[in-house]
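Colleague: I've just opened this one and would love a quick tour. Please start wherever you like.

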Protein chains: 2
Amino acid sequence: MSAVPPPTRPAGRMRDAARTQAEILDVATQEFARQGYDGARVDEIAARTRTTKRMIYYYFGGKEQLFTAVLERAYAEIRRQEQEADVEHLEPLAAIRRLAELTFDHHEAHPDFIRLVSIENIHDASHMAASPTLSKLNTPAIDVIGRILEAGRAEGVFTAEIDAVDLHMMISSFCFFRVANRHTFGSLFGRDLVAGGTREHYRRMLGDMVIAYLTAPPASH
Amino acid sequence: MSAVPPPTRPAGRMRDAARTQAEILDVATQEFARQGYDGARVDEIAARTRTTKRMIYYYFGGKEQLFTAVLERAYAEIRRQEQEADVEHLEPLAAIRRLAELTFDHHEAHPDFIRLVSIENIHDASHMAASPTLSKLNTPAIDVIGRILEAGRAEGVFTAEIDAVDLHMMISSFCFFRVANRHTFGSLFGRDLVAGGTREHYRRMLGDMVIAYLTAPPASH
DNA sequence: CACGTAATGTACGAACTGGTACGTTAGTAA
DNA sequence: TTACTAACGTACCAGTTCGTACATTACGTG
C-alpha cells in the first residue's frame, strides 16, 4: 500500500512565470465561464491551480483584472483562428457559405468563449471598454466579408444591400444563439440545439439562410 | 427648513401581501437583470423596496426561489403577450413577416427579460428545470408558426423544409443577439445595434432574411 | 559560489452576505 | 371590544470572500 503521492509537478523548472500565468488563465477561464464573474471564486481558481492565490494577485492584481486577462486571451485566440481562415479563393457564394460554416464550427467548438461573451454583456462590456487591448482589436473577418460582398455584387450574384458588419452580425447571431441559449431553449421546446446528429442540419440551415438572403430577387425586399 | 420627510407609503392599506410581493418581484427583476444572479444582493433588493429583507424570506424562501419567481413571472408575461398576437388572418408571407416583427419589437422592448434569459443560460437553466411552472410552459407561438408554415406550403409560396421550432429559433436568434450582445458587439465593431435610427433597418433585415429563406428556389438548398 | 531578485507559500483579517431568531402590529372575524 | 393571525420590523450571526502582510526559496548572474 503506497501512500497518496504528493502532487507531482510537470517536469522542468519549478519556478516558471509564464507557465504559472498560463495555468492560472486556463483555470480562471473555465471557472469564470462556468460560474459567471461574480459566481467564480478566487480561492477556487487558486485551489485548482498548481500554485496559490497569492500568485493571482502577484501576476494579475485582482479578480477584475484576471477576468479582463481571460477575455483578452480568449479574443486573441479567436482572432488568430480567424486569420487562418482561407476562403477568398472561392467563388463568392461558396466563400460566404464556407465562412458561415467556419463561424458555426468555431462557436460550437468554444462554448466557454461564448459563455464569457455572454457574461461580459451582462456586465455591459465594462471590462472590454477598460481594456486598450480589447477595444482596439481589429477583426480581420470583417474585411474578408467586405471583399467577398464586393466580388459577389460585381458578378451580379448578390442582390441584397448589406454591409460586412451587418452580415457578420446575421451569421454570428445564429451561431451564438444556438450555443448560448441551448439550455433555456431546450427546456422550453424540448429540442437540444447542440445534440449530436443536429450539427449538419443547423449548419446547412445557416448557409441556406445567408445565401437566400444575399441572392433573393430584389422584389422581395 | 423642514426635516427630510419619512418615506411615505402609497395610500391604502398598510399591509398588503400582494402588493408587497409584487414590489419585491419588480425590484428583484431589475436587480437580477442588471447584476446577474450572484452579483445581485438580497440586501440591496430589500433596501430598494418599501419593505425589509425579512419579507423576501417570508414570501419567497430564499434568493434562489426569488430568482425562480422572477423568471416565472417574466415568462408568464411573455406568454400573455404572445397570445395577443393576431397574425393568422394574413397571407402566409405577410403573417410570417409580421410575426418576426412582433418578436423583434418584443425583444427590443424587454431588455431585462433578455438579460434574465442570458443569466439563466449561464446557470444551465437550472432554475427552469427545477420549476414545474416553467418546464411545463407551453408556447403558443410555435403552434401559430406551424399553421402558417402549413398554409404557406399548401399555397406553394414556401419552398424551404423547416419546422416551426427551427424557424422560431432562426427568428429569435437574430432578435436576441441584437439586444443581448449589443455591448460587446458595439465595442468590437463600433456599431450600436440598438441605436435609435437603426431599428427599422434591422427589422426589415430580419423580415427579408426569413422570407428569403422560406421562398428560396429549391436549387439553392 | 555568493548574492540579489523574481517567484512563491502561509497565515490572517476586514468587510460582506445570505439567512434567521425573536418581537411587534395591523387587520379581521366573532 | 376582544382575540387571533397574517404581515411586518430589528438585530444579529455564522460562514464566506477578496485581498494582503510577511516570510521564504529557487534561479540567474557575476
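**DNA contacts, chain pairing and core**

Colleague: How far is a polar side-chain atom of Y59(A) from a phosphate oxygen of DNA strand C?
Modeller: Quick heads-up: this is a predicted model, where local features need pLDDT of at least 70 and side-chain atom pairs pLDDT 80 or more, while totals for chains, interfaces and linings use all residues, and side-chain values use heavy atoms, with hydrogens and water left out. Residues are numbered from 1 along each chain as its sequence is written, with chains lettered from A and ligands numbered from 1 in the order written. A polar contact here is a pair of N or O atoms within 3.5 Å. For Y59(A) and that phosphate oxygen, the distance is 2.7 Å.

Colleague: Which residue of chain B brings a polar backbone atom to 3.1 Å from a phosphate oxygen of DNA strand C?
Modeller: Over on chain A, T51(A) uses an N or O atom of its side chain, 2.7 Å from a phosphate oxygen of the strand. On chain B, the backbone atom at 3.1 Å belongs to V42(B).

Colleague: What share of the atoms of DNA strand C within 4 Å of the protein is sugar and phosphate?
Modeller: A residue is near the strand if one of its heavy atoms lies within 4 Å of it. There are 23 residues around DNA strand C, and T51(A), Y59(A), R15(B), R41(B) and K53(B) come nearest. Of the strand atoms that come within 4 Å of the protein, sugar and phosphate make up 58%.

Colleague: Which helix gives the most residues to the surface near DNA strand C?
Modeller: Helices are DSSP runs (H or I, at least four residues), numbered from the N terminus; strands are E runs of at least two. At least two residues each come from α1 (17-35) and α3 (53-59) of chain A and from α2 (42-47) and α3 (53-59) of chain B. The top giver, with four residues, is α3(A).

Colleague: How many helices does chain A have?
Modeller: Reading along the sequence, you meet one α after another. There are zero strands, and the helices number 12.

Colleague: What kind of axis relates the two copies?
Modeller: Superposing by least squares on C-alpha atoms with pLDDT of at least 70 in both, chain B lands on chain A with an RMSD of 0.0 Å, after a turn of 180° and a shift of 0.0 Å along the axis. So the copies are related as by a two-fold rotation axis.

Colleague: Is T184(A) buried or exposed?
Modeller: T184(A) lies in helix α11 (residues 182-189) of chain A. Leaving aside neighbours within four places in sequence, its contacts (heavy atoms within 4.5 Å) include Y75(B), V117(B) and M128(B). The cut-offs are under 20% relative accessible area for buried and over 50% for exposed, with partly exposed in between (1.4 Å probe, protein chains only). At 3% relative accessibility, T184(A) is buried.

Colleague: And R80(B), what is its relative accessible area?
Modeller: R80(B) sits in helix α4 (residues 63-84) of chain B. R80(B) counts as partly exposed, at 40%.

Colleague: How many residues are in the largest nonpolar core?
Modeller: Such a core is a set of buried Ala, Val, Leu, Ile, Met, Phe, Trp, Tyr and Cys residues joined through side-chain atoms within 4.5 Å. Among those with the most contacts inside it are F32(A) and L214(A). L214(A) touches I96(A), L149(A) and L167(A), among others. The residue count for this core is 138.

Key: Polar contact = N/O pair within 3.5 Å; in protein donor to acceptor, adjacent residues only side chain to side chain.
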